[in-house]
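Here are a few short exercises to work through with the model open in your viewer. Try each task before you read its solution.

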Amino acid sequence: MPVKLGPRSEFIENNLGLVHSCAGRFKGRGIEYDDLYAAGCMGLVKAYDGFDESRGLCFSTYAVPVILGEIKKLFRDGGSVKVSRSLKELGIKVNAFREKYLKQTGQEPTVTEIARHLQVTPEQIADAMSASLPALSLTPVTDEEGNKEFDIPQESCEEFLTDKISLKSVLNTLSKEERMLIYLRFFKNKTQSETAKVLGTTQVQISRRERKLLQRMKEKLLE
């Protein structure tokens, strides 16, 4: 006779949707979905065993960070994320073209221009550029064994709102002209030359000011 599932097994089975939701955030990051799902299931079991209903928390609120924690362990390899070979090769081509374009024109190429030159989609260019960035946490945690835990970028409503609030706070520290420069370049997608015309200056000056502004903003966000 088949063994009837107990409350623990039934509860876990009924909440597997949480695992799929969490694992889906990491698709295309170099690890098979089955492995992501398996790690997430382990996190779900740990969440069930550690959940204290008396605290008044919704189970999903407690479980999601635990599930994500187990999935993130798959990405720990010297603090780096595993990236496919094809994505690495595309990233090298992107960087080579960006350097050549910058030397010839004095401007950064747009994603569309890079995609057109390399004959791939803008989405592929964006993935390659993201993969080449270090995925370090702004708040690295060291465990009892001395190993550092790194945060893997993920789509999260809470993180999006936090980032938006932080960015707005930093923008408010800039002068009116500096905010206009950032607005034109990164919110209106204007080129440096187009931005220079609006602000009544030169492309070279915009390039220098933009570089200094971004560095200053980065420092403030990391404080």
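A residue counts as buried when its relative accessible area is under 20%, and as exposed when that value is over 50%. Keep in mind that this model is predicted.

**Exercise 1.** Decide whether Cys22 is buried or exposed, and do likewise for Cys41.

*Solution.* Start with Cys22: its relative accessibility is 1%, so Cys22 is buried. Next take Cys41, which has 19% relative accessibility and therefore counts as buried. Finally, look for disulfides: a search of the whole structure returns zero.

**Exercise 2.** Work out the order of the secondary structure elements from the N terminus.

*Solution.* Begin with the totals: the protein has 11 helices and two strands. Then walk along the chain from the N terminus, and the order reads α-α-α-α-α-α-α-β-β-α-α-α-α.

**Exercise 3.** Find which residues have the most contacts inside the largest nonpolar core.

*Solution.* This core has 18 residues, and Leu36, Ile67 and Ile71 have the most contacts inside it. Two or more residues come from each of α2 (16-24), α3 (33-50) and α4 (59-73). Now zoom in on Ile67: beyond its neighbours within four places in sequence, Ile67 touches Leu18, Val19, Cys22, Gly40, Gly43 and Leu44. A second, separate core has 11 residues, including Leu174, Leu184, Ile206 and Leu213.

**Exercise 4.** What share of the 223 residues is buried, and what supplies the exposed area?

*Solution.* Buried residues account for 26% of the 223. The protein exposes about 15400 Å², with 53% of it supplied by carbon and sulfur atoms.

Technical notes. Residues numbered from 1 in each chain as written. Predicted model: local features only at pLDDT ≥ 70, side-chain atom pairs only at ≥ 80, totals over all residues. Heavy atoms only, no water. Disulfide = S-S within 2.5 Å. Buried < 20%, exposed > 50% of the residue type's maximum accessible area, 1.4 Å probe, protein only. Helix = DSSP H or I, 4+ residues; strand = E, 2+ residues; numbered from the N terminus. Areas by Shrake-Rupley, 256 points an atom, 1.4 Å probe, with all protein chains shown as cover. Core = buried A, V, L, I, M, F, W, Y, C linked by side-chain atoms within 4.5 Å. Contact = heavy atoms within 4.5 Å.
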